[in-house]
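Here are my notes on the aromatic rings, written as numbered points. Have the model open while you read.

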Amino acid sequence: MVGGLSTRLLNICIASVCKTQQLQRAEVLLIDAIRLGVLPNVVTYNILVDAYCRFVGMGAALDVIPRMREAGISPDVITYNSLVAGSTRKRSLSLTLDLFDEMLELSIHPDRWSYNTLMHCFFKVGNPDEGYNVFRNLVLSEITPGQDTFNILINGLCKNGYAMHGLMLFRNLQRHGVVPELVTYNLLIDGLCKAGQWRAAKTMIMELLETDENPNAITFTTVMKCCFKFQKYEQGLEVFLEMANRGHTFDGFGYCTAVGGLIKIGRIEEANRWMDRMLKNGIGLDLVSYNSLINLHCREGRLGAAYAVVEELEKRGLECDAYTHAIIIDGLCRAGDIEGAYRHLDRMKVLGLGSNRVALNCMIDRLFKAGYMEAAMRLFESMETKDDFTYSSVVHSLCKLGRFRSASKVLLSCLRSGTKILKSAQKAVLTGLKMSGYRRDAKKLQSQIYMARVLARY
DNA sequence: GTAGGGTTAG
């Protein structure tokens, strides 16, 4: 009895230490406990597995399993659910499927949550058909879908370009007497906002305020972000102030969103103040908050400070990601250090991150602005995949240089690939051609644009 | 004991 009680106590301690991302301290705690004769149980290891998944990586999380077995404890469905959730967070469909198979081989029966997560994984990697298939199989099996299942389904639909279908499902559930949870509202607000459906998102926000649910930190961040997305910066910052007043700024999410918004509209001083406040409030920094901080330093031209943060995060065992590198490349270019940006690009190539599209887009744009057209075009042509940013920036830059016929070629290759491009870029080419006496070419381009647009629909 | 919010470029 005493032993059971102390194991429970140990688990509470380990869980709270893990929450602060101090995995090494958690391990020390575990060793000390065992020395004192307090034995860990499956819950103890499950807490560790989940924390390693979240804060370190799948490799570290998987390493816990043999340690568990050595201690005579078998992983259970919760262990595997954590692992599957971890690999889903990392968007690794193959690992998720492997873990699922392993689970079945070990006769650990997947529960509703296992299927929920599998479905979530398919949606997350952009395979909504398979995601929906999991849902169908779940309904056909003896497992009953729960509200959580529907939430994942709604989220999956929203994030895969079917936001209005998500909304329809929501209405359908309401008609069947389901009272939506706060989570459902949060998901839909975010989904509709990201799909560009401002009116529908606004309706959802208003509806939520009519319910008994109390908006939480996630709601506030989502609504703030939604305002920013539709360029309603003042409203967004108002939401942030309200969020802070209500004590919802206990983690980095709100701060990073607000700082990002302030940077976008050039209010760097305010961004600095909020960032300071976040750091002073002792909020545990993760990679995203580090990236926000690095971005702020870069915007102020403090490249040295930016690199110091990189060192700090690496010292903590974190690794720079695609965001970090894009931010640094952009910062170097903004500071006029094109050579430094090339050097950094080389370093990224060594790390296998050479095809970072955002970083390359930044670089191309800045190369044009700095007058290195040939270098910019070389980089452009070397890119494996191009997006609307790539094309819009190159077309705009070529027009600025008066290279309307080259711009027109790039524009056409963009349309043929079915990629969107800024309307202003199209317009720049057309008016440029007309103004410089290529009226025939302009006319021809116009019909080519038209045809490409029609054909892209099929 | 499990999902949902935050960071990069016109």
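1. Let's start with tyrosine 255 and tryptophan 274: both are buried, meaning under 20% relative accessible area, where exposed is over 50% and partly exposed is in between (1.4 Å probe, protein chains only). For tryptophan 274 the relative accessible area is 16%, so it makes the cut.

2. Their rings have centres 6.4 Å apart and planes at 50°, so we call this pair tilted. The rule: rings of Phe, Tyr and Trp (its six-membered ring) pair if their centres lie within 6.5 Å, and planes under 30 degrees apart are stacked, over 60 edge-to-face, the rest tilted. Tyrosine 255 belongs to helix α15 (residues 252–264) and tryptophan 274 to helix α16, 19 residues apart, so to speak of distant parts of the chain being linked is fair. Helices (H or I, at least four residues) are DSSP runs, numbered from the N terminus.

3. A word on where this comes from: the model is predicted, local features need pLDDT of at least 70, side-chain atom pairs count only at pLDDT 80 or more, and totals for chains, interfaces and linings use all residues. Residues are numbered from 1 along each chain as its sequence is written, chains are lettered from A and ligands numbered from 1 in the order written, and side-chain values use heavy atoms, leaving out hydrogens and water.

4. How many aromatic pairs does the structure hold? Ten. In one of them, phenylalanine 240 and tryptophan 274 have ring centres 4.7 Å apart and planes at 75°, so that pair is edge-to-face. Phenylalanine 240 counts as buried, at 1% relative accessibility.

5. Elsewhere, ring pairs join Tyr132, Phe135 and Phe150 into a cluster.

Terms used
Helix = DSSP H or I, 4+ residues; strand = E, 2+ residues; numbered from the N terminus.
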